[in-house]
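Hi everyone, thanks for coming. I'll walk you through one protein today, so have a look at the screen and we'll go through it together.

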Amino acid sequence: MAETSRTVRSTLRERTRAAMRDEVSEVAFRLFSEQGFDKTTVEQIAAEAGLSRTTFFRYFGTKEEVVLGKMSEFGPRIAAALAARPAEERCWQALRRSFDVITEPTADEPQPFLNLMRLLNDACALMTRQWEKTQGWHSLLVPEIARRLCDDSESTGDLRAHALVGAAISCLDAATDAWTASEGAAPLSELLDQAMGVLVEPVI
């Protein structure tokens with residue numbers, strides 16, 4: 001029983017922390033939209049959220065993390081979606097479908113993702129950090145593609161796997177840039193299909 005109680009308390013703390021992070025993020029994004037990322041201070045975000053500056057840093061290490069935390073959530077979700085794709089599916093198609101994690105929510109409610117991409121485009125420091133995070137997706141996706149290619153989960157150095165993942169992420173970046181520039185005029189999923197369709201589909 002004691003172990004169960006500790007687990008329940010731990011789960012409750014995690015859910016409370018996640019809810020507070022979401023609340024602070026909502027406040028921060030509103031302020032970023034109204035006055036710009038650079039002009040919005042941690043003190044302003046904390047005050048609007050009813051927190052002290054010290055409490056803000058319990059949930060976010062930096063102001064940039066409020067924005068980039070959204071991007072960091074995508075990597076593991078894309079990797080999980082990729083691992084769940086049918087074993088017989090071609091790698092290129094499996095990668096495309098794993099990106100539905102990003103494209104499908106934008107079809108129903110594009111504005112939040114548009115706001116996020118505008119913030120990234122407006123702040124050079126954020127763009128650099130965002131690029132680092134998307135490059136970090138390689139380490140999550142390459143092992144699964146290598147496994148599909150070689151039936152060997154240890155073949156993370158497989159050149160083909162690195163090339164396929166790198167090309168797919170570049171296509172996603174190109175589609176997202178075009179989508180943001182057009183203010184979401186065309187569905188992101190269609191733009192991604194066009195970008196990935198430019199490359200001849202590998203037979204693997």
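Where does methionine 196 lie? Methionine 196 lies in helix α10. Before we go on, some housekeeping: this is a predicted model, where local features need pLDDT of at least 70, side-chain atom pairs count only at pLDDT 80 or more, and totals for chains, interfaces and linings use all residues. Residues are numbered from 1 along each chain as its sequence is written, and side-chain values use heavy atoms, with hydrogens and water left out.

When I say helix, I mean a DSSP run of H or I with at least four residues, while a strand is a run of E with at least two, and both are numbered from the N terminus.

Back to methionine 196. Is it buried or exposed? Methionine 196 counts as buried because its relative accessibility is 4%. The cut-offs are these: buried is under 20% relative accessible area, exposed is over 50%, and partly exposed is in between, using a 1.4 Å probe and protein chains only. Setting aside residues up to four places away in sequence, methionine 196 touches Trp92, Arg96, Phe99, Ala168 and Cys171, where contact means heavy atoms within 4.5 Å. Also, its C-alpha atom is separated by 9.6 Å from that of isoleucine 169, and the two are 27 residues apart along the chain.

Okay, let's zoom out. The protein has 10 helices and zero strands. Of its 204 residues, 40% count as buried. And if you take contacts between residues at least 6 apart in sequence, 64% of them join residues at least 24 apart.

Next, the inside. The largest nonpolar core has 57 residues. By nonpolar core I mean a set of buried Ala, Val, Leu, Ile, Met, Phe, Trp, Tyr and Cys residues joined through side-chain atoms within 4.5 Å. Which members touch the most other members? Those are Val67, Leu95, Trp137, Leu141 and Ile145. The largest share of this core, nine residues, comes from α9. Domain 1 (1-61) and domain 2 (63-203) each supply at least three residues to this core; those domain bounds come from an automatic or database assignment.

Let's pick leucine 141 out of that group. Leaving aside neighbours within four places in sequence, leucine 141 is in contact with Ile78, Ala79, Leu82, Leu95, Val165 and Ile169.

Two more residues to find on screen are in helix α8, which covers residues 124-150. Proline 143 is in that helix, and proline 143 counts as partly exposed because its relative accessibility is 25%. Leucine 149 is found in α8 too, but leucine 149 counts as buried, because its value is 18%. From leucine 149 to arginine 90 it's 9.3 Å, C-alpha to C-alpha, with their positions 59 residues apart in sequence.

Now go to helix α1, where you'll find serine 25. Serine 25 has a relative accessible area of 6%, so it is buried. Serine 25 is in contact with Phe60, Val66 and Lys70, again not counting neighbours within four places in sequence.

What is the volume of the largest pocket? About 410 Å³. A pocket here is found on a 1 Å grid over the protein atoms alone: it is an open set of points where a 1.4 Å probe fits, with protein on both sides within 12 Å along at least five of seven lines, and lining residues have an atom within 4 Å of a point. Grid points are joined across faces, edges and corners, and the volume is the space filled by probe spheres set on them. Of the 16 lining residues, the closest to the centre are Lys70, Phe74, Pro112, Phe113 and Leu116. Why does this pocket lie between the two domains? Because domain 1 and domain 2 both give residues to its lining.

Last stop: glutamate 183, in the loop between α9 (159-181) and α10 (188-198). Its phi is near 60°, a positive value in a residue other than glycine. Most residues other than glycine have a negative phi. Glutamate 183 counts as partly exposed, because its relative accessibility is 47%.

That's my tour, thanks for listening!
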